[in-house]
Structure formats: structure tokens, C-alpha cells
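This report looks at how two neighbouring helices meet and at some of the charged pairs in and around them. Please keep the sequence and the model in view while reading.

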Amino acid sequence: MGCKVKSDCLELSDEALLDAGLPTIEMANLFRRFLMMYEVNPKKLREIDIVSKTTEEAEAFKQLYHLPGVKSTRATIYCKAGFTSLDAITCSSPEEIMKKTGELIQKENLNLKISSMKEIKTHIAVAKAFTSRFQD
């Protein structure tokens, strides 16, 4: 029952979106409005071949770049923290993602901020919308 196109996601019920991790009906409505605006820029995807260091990283980036706001820096952090696919994002809680990426940023002494809880929840919801995890 994974969504293949945006129109599939727009047809999901409020209950399905809440089950996917969005905290309120208002956030579900915001998610729908976001889908109406969100298009992955093909230029964004073209940079993957330039910024990825391995074939495995490029494959991970091809999935992670579909998340809003995710480009090479965030995709690298997600990958190094063990979130190498949309499926890995959907199987994780916002708290787990926040904890693991925060630990990575601290361990590697990166001058970066941890994604906000709202951003992570949006990433999880978008990842679920494009995977079969919406059934779970």
C-alpha cells in the first residue's frame, strides 16, 4: 500500500497519517499541503554522483535525497548514523534518529546542529508515505 505518486499520499486518511508518526490532525493537514508544494528538484539528485564517495553511499543518497531539505550533509549524517534508506527512517522513532545523529555529530566533532524533532517527524512521515511501511 506504499504510495507511488503524490496523489496516492494525498488520499491517505488522517488516521493513517497519525499512525505514521504525525502528532496531530493539524500536522497531517500540513503534511498534505506540503506534498502539494514539494517536488524533488532533479538538479538536487544530479549532485549525488559528485558528492557520494562509494556506490553504496550513492544508492543511499538516491533515497534520502527525496526527503525534504536533505542534501549531502544531512544524507551523510543519516548514513553514518545507520539510516541508509527510507525504510531505515520509517523503522525508527524520532527520538532514536535524534539520539544517533546527535551522538555522531558530537563524536566526529562536527559543527552542525541536530535536526529538529519536527523535521525528523516530517522525514519519517515522508519516508513512510513512499514505502510500504504505511501498512504497519
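## Glutamate 108 and its partner

In this predicted model, glutamate 108 has a relative accessible area of 33% and is partly exposed, because a residue counts as buried only under 20% and as exposed only over 50%. Its side chain forms a salt bridge with lysine 80, and the closest N and O atoms of the two residues are 3.2 Å apart.

What parts of the chain does this pair tie together? Lysine 80 belongs to helix H7, which spans residues 72-80, whereas glutamate 108 sits in the loop between H9 and H10, so the salt bridge links parts that are 28 residues apart in sequence.

## Salt bridges within helix H9

The count of salt bridges in the model comes to 5, and among them are two pairs whose members both lie in helix H9. In one of these, glutamate 96 and lysine 100 form a salt bridge with their closest N and O atoms 3.1 Å apart; the two residues are 4 positions apart in the helix, about one turn. Glutamate 96 is partly exposed, with a relative accessibility of 29%, and lysine 100 is likewise partly exposed, at 35%.

The other pair joins the side chains of lysine 99 and glutamate 103, with an N to O distance of 3.0 Å. Because lysine 99 and glutamate 103 are 4 residues apart in helix H9, about one helical turn separates them. Lysine 99 is exposed, having a relative accessible area of 53%, while glutamate 103 is partly exposed, with a value of 41%; the two descriptions differ because exposed requires a value over 50%.

## The crossing of H9 and H10

Helix H9, made up of residues 94-107, and helix H10, made up of residues 117-129, have axes that come within 9 Å and cross at roughly 120°. The crossing of H9 and H10 is right-handed. On the H9 side the contact is made by Pro94, Glu95, Ile97 and Met98, and on the H10 side by Met117, Ile120, Lys121 and Ile124.

Which classes of residue make up this contact? Between H9 and H10 there are 6 nonpolar and 2 charged residues, with no polar residue in the contact. Glu95 of H9 and Lys121 of H10 are the charged members of the list, while the nonpolar members include Pro94 and Met98 of H9 as well as Met117 and Ile124 of H10.

Terms used: Residues are numbered from 1 along each chain as its sequence is written. This is a predicted model: local features need pLDDT of at least 70, side-chain atom pairs count only at pLDDT 80 or more; totals for chains, interfaces and linings use all residues. Side-chain values use heavy atoms; hydrogens and water are left out. Axes are lines fitted to C-alpha atoms, for helices over the stretch in contact, and angles run from 0 to 180 degrees between N-to-C directions. A crossing is left-handed if the near helix is turned anticlockwise from the far one by less than a right angle, and right-handed if clockwise. Contact means heavy atoms within 4.5 Å. A salt bridge is a side-chain nitrogen of Lys or Arg within 4 Å of a carboxyl oxygen of Asp or Glu. Buried means under 20% relative accessible area, exposed over 50%, partly exposed in between (1.4 Å probe, protein chains only).
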